[in-house]
Structures are given as C-alpha cells and as structure tokens.
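Please open the model in the viewer and keep the sequence panel visible. The tour below proceeds by selection, one chain or contact at a time.

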Amino acid sequence: MIELRDVAYAYPDTDHYVLDGVDLTVARGEVVGVIGASGVGKTTLAKIIAGFIPNVEGGTLDGSVAVDDVPISSLPLAEAVAQVGLVIQNPFNQISGAKFSVREEIVFGLENTGVPRDEMITRVTDVAALLRIDHLLDRSPYALSGGQMQLVAIASVIVMGTPVLVMDEPTSQLDPGGSRMVFDVISALTDAGTSVLIFEHKVELLREHADRIAVLAEGRIIHEGTPRAVLTDDRLESWSVGSTRYTRAARAARGAGIVHPDAALPVSLSDSTEYFTTQRTGR
Amino acid sequence: MSTSHTPVEANKVRNRVLIAIGAVVIIATYLYLVLGQPSEFAEGDFGQASLIAIIGYLLGSVLIAVGTIHRLPTTTIALVPVAIAVNIVVGQLSASIGLPIYLDSIGTILVGVLAGPAAGALTGALTNVIWGMTISPIALPFAVTAVVIGVMAGYAGRLGMFRRFYLAPIAGLITGIVAALVSSPIAAFIFGGATGGGNGAIVAAFRAVGNSLLASTTFQGLLSDPLDKVITFTIVVIILFALPSRFRSRFPFVREYNVFGKQSELAAPTRATRTGEAGDAAAASTSGDDSASTDGTPTPKG
Amino acid sequence: MTTTLYEDRESAIHRLNPVTKLVAMLSIIIIVFAVQIWWVALGIVVFIVVPAAVVSGTGGRLLSLSLKLLLPILIVLVLLQGLFFPEGTTVLAEFGPARVTVEGLMFALGIGSRIAALVLCSLVLLLTTNPALLMTSLTEKGMSPKMSYVISSTLQIIPAFQTRAQSILLAQQARGLRLKGNPLRRAGAILPLVSPLVLGMFTDVEERSTAMEARGFSSPATHTSFVVVPDPVGQKIARWLLIAVAVASVVLSLLGVFK
C-alpha cells in the first residue's frame, strides 16, 4: 500500500516546489493510474515513492510518504528498494548494461540482494514466461529492439517481487499488443496483492485496467476517481490531459448537436457504439 | 542495521589504508627507480629495476583501484564506464586522424574534476585495464600514469583550477609534467624506450648525445605529455563551461569544493499557501516524522 | 557485441577457470621480470605460451596480433638499443653517431624477450577467456561487484560509442569539418566530436544509477552469483603453486641469485 499525505518537494538549490500538496493512496492489490502533462512532476513523484528523494537526490521534502505503513524516507535506500520496485521511463537506462545475456540481466537485482541461485532460476523462468520473453533469454541485452528492451526492463523489476510497483510509462516503446500484455501482467500481479502506481498517458489502457485514475496538475492530485468519471470530466483539457478518442468523438458530436446533450459520455468502444446508436437526436 | 554499522566503519578504514599503501608503494617505486639510479647496465641489464617497476606500479594501482571503488556512490560508478569509453574512443579517433597527441584521458579528467580524485584514479586505472583488454596489452604497465592523471585532475578541481578558463591549461601543464616523470621509468625499464616509432626516434636522439636511457625517456615524455595534457584540460574546461550549471552542480564533489566557483545562495523554498488541503499537516518535515496515517484503508475520492 | 579479443571456441585452455589463467599470466610475467635471463623468457614463450595458443585454436590470431602489436616495438627496440647504446664497449660497426655494440644488442634481446612474454601471455589470456566469466569468477573470489560492473559495462558500451563517434564525425565532415592543417587546429576539430558524447553521458548516467539502485546495487546483502564457474581442486592447487613460484623468483632475484 502507498499513502501520500500532503507531499511537497523542491529540488536542491531551487526555491520552487515542483510538487505541492500531493495526496494519494494506492491500496493493496489496487492499480492506480496517474495522468498529467509532461513536466508536471511524474518522475519526481515516482522517485519520492521509491525512496530516492530525498535520500539520494536531496532537496526539501514535506509531508508524509508511507509504504505499507512505514515512512519510506526513514528507511535506508537498500531497504526502501526492497519495498518498492521502480520501472523507469527509459528502458535503455533501466538495464544495468553490465550483463552479457538477458537472463543474467534480469537476475542482476537478485544477485545484488543475495537471492539463492536455485530461486533465481525459478524466478527468471516464471517472469520470462509471464512477459513472453523466453526466446530472448540468451540474447545480448544490447541486441534488443526498443519494445523487447522494455519488456526485459519490466521483467528485471517484477522479478524482485516487491509488494509495491511504481511504473513510469512502462509501455512507451511497445505496440498495442505488447502494451495490453503488460497490463495483463499488472492485473495478475495485483490479483496476487501487489499495489501498482502507474504513470501512463495511454488513457484507454488505463480505462480498461486501472481501478482509479488520478490527475496530476499544478503540483498536486487535482482530481481523482473511477476511470469513467475522470476520463469524461470536462476539465481534463484545462489540465493538459487527453481523454479517450471515444469521448472526444462524442464531445464533438454533442457540440454539433447530433446527440443528446446530457447523456453520459462514452469511454470505450462498446460505450461508444451504444452512445451513438441510442443518443442520436435524429438531425 | 545496527549489525551492519561496524563493518561499514571498518571497511572505510580498510579502504583508506589500501589507498594510502597504494600511494606509498607508487611513490617508493618511483623514488627507487629514479633516485636509487639502479646500477644501470652493470650486467648488461637493469638488475632489479624492471622487476621493481612492474610490480611496484601494478601493485600500487591495484591497491588504489580496490580502495577507491568502495568509496564511490552509484552515480559515480555509473559514470565511470562512459568516461572510460570516451577515453578509448577519442584516443583511437585521435590516432586514426593522425593527431600527434594522445587525447586518451578526456573522460578521466572529466570524472576527476566532477567527482574527485578517487573517482579520477579509478577511471584512469580501469581505462588502461580495458585498453589492455581490447586494443593492446602494452597499455597495462602504464596504468599508474592514468591513476596519477585522474588524481591530479581531482585536486586541480578541488583547488579551483576550473573556476577560471585560463587556469585549466596551467593545471594541464603541471599534470603533464608529473605524468611524464611517472611514466618515464616504465618506458625505460620495461620497454627499453621502445614505446612506439616516433617516441623511439626521439629517445634515440637523446641517447645519441650520451644521455642515460631513463633521462632520454624522461625528456621524450616531457616533449609530448605536457602538450597533450594542456590541450586535453582545455578541451575539458570548454566542455564543462558549456554544460548547464545544474548538470555540474549535481555532483556532491562539485558542490562541496566549489569546483566552478561559489553558487549564489538561495533562500529556503517557500510553499504556495492554499487552504482546505489536507488539514494543517502541511510543512511537517518527513525527517523523523513517523506519524504517517495508519488507518490502513484506502480512501478513494469520488 | 563485445570489443575484446576473446575467441569463442572449445578447448582445454578455454575450459580452465578464468582466475587460473589470470594467475598463470601474472605469475609468468613476474617470473620473467624476476629472472631476467633472456632464454628463460623466450623458453617460456616457445614452450608454454605458444603451445597453449595452438592447443586452444587461437594460434593464428596470436600470430597476426603479435605482428601488429609486438613486431613494431621489437623493431624499434633493436634499432634504438642496437644503434644508440653509449654504454656499449664492444663495437661491431659505426655509422656517424650510431654505433652497433654487442652490449646494446644483448640489452635489446633481454628487454625484447620480456616484452614478448608480457604481450603474448596477456594475448593468450584474452583470446581464450570469456570476459563475462572472468568477471564472474573474480567476483566469486572476492572482487567487488562494482569493479565487475564497471569493466563489463565499459566493454559493452564501447562499440555503441564507436558507432556514435563515427556518425558524429561523418556529420561534422559533411558540415565542412576539416581534419587537415596544423595539430592545434586539428585538435580543435576534436571538440565538436567530444561534446555530444559527453553530453550523452550526463543525461543517461543519472537515470541508470537510479535504476541500478532500485535493483539493490548497493545492498549490504552478501552478493550471490547466477553464473557458476567450475573451479576444480586441481586448479586451486595449481594457482597456489604458480603464486609460490612467482614469489620465490622475486625473493631469489632480490637476493641477487640470478646475477
């Protein structure tokens, strides 16, 4: 579980709080998607939850950040990272770069934390099957495509088995099929009790897989709710966040007077089909 | 945690001791080779000079590398491979386009200036190890020179030689002279002056007028190393000045020793005041604050 | 995609534990420098180093690499010491300031045989040893995983850097960069090549170190190893013997036995 209470943060040598009053909770087994314009502090927030801020990067952090009821900044980094798995945005920087095969790359974190060899073998086999990268295990990490690299990067974090996962745009290099598979894996993990906080701009995937969506703007969680409620909110654009293409099409239709003005906006394909068949004004 | 405390302290002491012994071994080796003036050529060979040169310098470099690596934070460790790659790639490039200088220590000097003498020493030592592994094993015995260059770059940064553009080449000149002095016994006693075609010709010229082999390799080094380091330090200071200061000031070493001069002091950050947000808990510092909400239930908002 | 000289083959030499090969290499180098007798060094090269390369199937590579790396040095050495050895007294020939002396040639032979042993021994180690396994086995023997990280990572990013440097070089040449003229101007031409490389290093490094920390890189836990390198007892004994011989040769050398 992740609990953020009134979190505010300013980088070292700056007098500006990039985050200012973030409140957010992710329960056990829950997937919460965070959306927001670029540069709004998503990566900073990810690093705060993972214990890197202020432990490693310094700066001024106010408020409280707790993971499973333990204030994360009170833990030494080595213990914090055992609680929170962090998938960073760029998979090419996620991999250690020091390993000569994908298999060894995935177990890098397990070696560091002293996991016995037999368990490493089991875990790497399981995670590779889960993400369907079995065929890549003997390849050099430097010979992978962007999408393959991203799956390896995700595998290398999931394999650590942390109770909390923070993922920063984990599908940026993936095609729609790959993205959907990653979200299926996330669902499997949350079914087993993992809490997942995911920064993602593919709102249609969040609509499908997230329990809740939170909007990060103006340095705080400015709005939060069920995917349907958030994605049909009229203020999304003012927070520089995109809605689904179905919602956008429906808004355009409503603006043109083709559909009834007070019908609930659609957020998925089936919604949309229903919306445009039942809510037409006949003009 | 309490159990890991003492070993960490013990390791710190151990690392310091390793570095200190390494430095003493290197200095003693140099002094023996230069001042001891081993009975050169008495038996048609150097006696123990070659043995002392190879063992003393290698052992000293290894001790310093082992002692420094534990002291460095992960950010620096992640920087070192990139710096070594810059050394090797630019060094090869310089040779391939026919420059008369080595240009094989740009990364070492950058790391020394940004992350300190220990990091510079490690970068230097491992550059020669990897140069030896990938291009030519002849680089290995010269690892000690690269260590000295990294250390000197670190102290140049610490002493403020990178605060003014014109001071860096001076630091380069001094580093180059020291590098020439340190490497000349290797060139003389291990390679017999034959470290390359051009260098060999220069050594031959000094020998022809009656100098000892060590004196000849020293003069040869003094003709090439200082020029190389003046140019390299100039390139490094240009690159560093071109970097945004927020990049440079990310390095704790840079902040601690004001490597690039004093940063203007900033006032403590102030938060925008909003009301009705999360009660009055605002501004409670996280340090030592374990009063995180413990109700354990998610509180999804509508 | 590594840049090392390693040749992936099946042979008894390849199968040796990498640490055994490293200890053998260092011991031989120390012995050769301690004993200081040219025929000992040449004997080791002819009867140990070269056969090891042939057995491992890397003899051809060793030959071509020696011609490239070793021969130029040996030629310079013979010319330098054979012609300019002021301390020499037994003059064989004289050309102006240059004098060919027996002492000079003997000196070149002594130094040359040691350089040959040093270079050839290192080459055989590199040709027959997978760098990944070398790092793993050294870590098993107590080397810091950080050291292993730096070396392994560097070996793998060099090719990427070479590619990047080449493309930057081509782009700069297309924009009129000239690699001719006096050395200072050419050195100036290096600058636009180096800056992009260095900038790249700043942007990626911080993120990479965060990711490594998140995977327990500085965890105080005792490191475990996924790859297991076989290390039979026989090789352990052989290593201690090699070390003992090397130490003995150093002691004897310092006592002046080999004079």
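Which residues of chain C does UniProt list for "transmembrane region"? The unreviewed entry gives residues 22-55, 67-85, 105-127 and 237-258 of chain C. Please bear in mind throughout that this is a predicted model.

**Chain C: two spans and two domains**

Select residues 67-85 of chain C. This span is 84% helix and 0% strand, and its end C-alpha atoms lie 26 Å apart. Move next to residues 105-127 of chain C, where the chain is 100% helix and 0% strand. The end C-alpha atoms of residues 105-127 are 32 Å apart.

Now colour chain C by domain. Domain 1 comprises 11-143 + 232-259, and domain 2 comprises 156-215. Between the C-alpha centres of domain 1 and domain 2 of chain C the distance is 36 Å.

**Chain B: the annotated spans**

Turn to chain B. For "transmembrane region", the unreviewed UniProt entry lists residues 17-35, 47-66, 78-103, 109-131, 138-157, 163-182, 189-210 and 230-247 of chain B. Two of these spans may be selected in turn. Residues 78-103 of chain B are 73% helix and 0% strand, with end C-alpha atoms 22 Å apart. Residues 163-182 of chain B are 80% helix and 0% strand, and here the end C-alpha atoms are 27 Å apart.

**Where chain B meets chain C**

Display chains B and C together. In this contact, 64 residues of chain B touch 72 residues of chain C. On the chain B side, at least two residues each come from α2 (49-69), α3 (74-96), α4 (106-115), α5 (117-134), α8 (197-208) and α9 (213-242) of chain B. Highlight α3(B), which provides the largest share of that side, 16 residues. Colouring the side of chain B that touches chain C by class shows 44 nonpolar, 16 polar and four charged residues.

**Where chain A meets chain C**

Replace chain B with chain A in the display. The contact between chains A and C takes 34 residues from chain A and 28 residues from chain C. On the chain A side, α2 (77-83), β6, α3 (91-94), α4 (102-112) and α5 (117-130) of chain A each contribute at least two residues. Select α4(A), which gives the most to this side, with six residues. By class, the side of chain A that touches chain C has 18 nonpolar, 12 polar and four charged residues.

**The sheet of chain A**

Hide chain C and show the strands of chain A. Six strands form an open sheet with mixed pairing, in the order β6-β7-β8-β3-β9-β10 (chain A). The edges are β6 (84-87) and β10 (220-225) of chain A; each has a single partner strand, so one side of each is left without a neighbour in the sheet. From one strand to the next, the twist averages 20°.

Zoom to β9 (residues 212-217) of chain A, which pairs with β10(A) in the antiparallel sense over five bridges. Within this pair, V215(A) stands opposite H223(A) in β10(A). Then add helix α1 (residues 42-49) of chain A, which packs on the sheet and touches β3 (31-35), β6, β7 (164-168), β8 (195-199) and β9 of chain A. The direction of α1(A) makes about 160° with that of β7(A).

**A final stop at N90(A)**

Select N90(A), in the loop between β6 and α3 of chain A. Is N90(A) buried or exposed? N90(A) is buried, with 20 other C-beta atoms within 10 Å. Add P170(A) to the selection: N90(A) and P170(A) are 80 residues apart in sequence, yet 8.5 Å apart in space, C-alpha to C-alpha.

Key. Residues are numbered from 1 along each chain as its sequence is written. Chains are lettered from A and ligands numbered from 1 in the order in which they are written. This is a predicted model: local features need pLDDT of at least 70, side-chain atom pairs count only at pLDDT 80 or more; totals for chains, interfaces and linings use all residues. Two residues are in contact if their C-beta atoms, placed from the backbone, lie within 7 Å. Helices (H or I, at least four residues) and strands (E, at least two) are DSSP runs, numbered from the N terminus. Ala, Val, Leu, Ile, Met, Phe, Trp, Tyr, Cys and Pro count as nonpolar, Asp, Glu, Lys and Arg as charged, and the others, Gly among them, as polar. Two strands pair if DSSP finds at least two bridges between them. Axes are lines fitted to C-alpha atoms, for helices over the stretch in contact, and angles run from 0 to 180 degrees between N-to-C directions. UniProt positions are given in the numbering used here, feature names are shortened, and annotations may be inferred rather than shown by experiment. A residue is buried if 20 or more other C-beta atoms lie within 10 Å of its own, exposed if 12 or fewer, and partly exposed in between; C-beta atoms are placed from the backbone. Domain bounds come from an automatic or database domain assignment.
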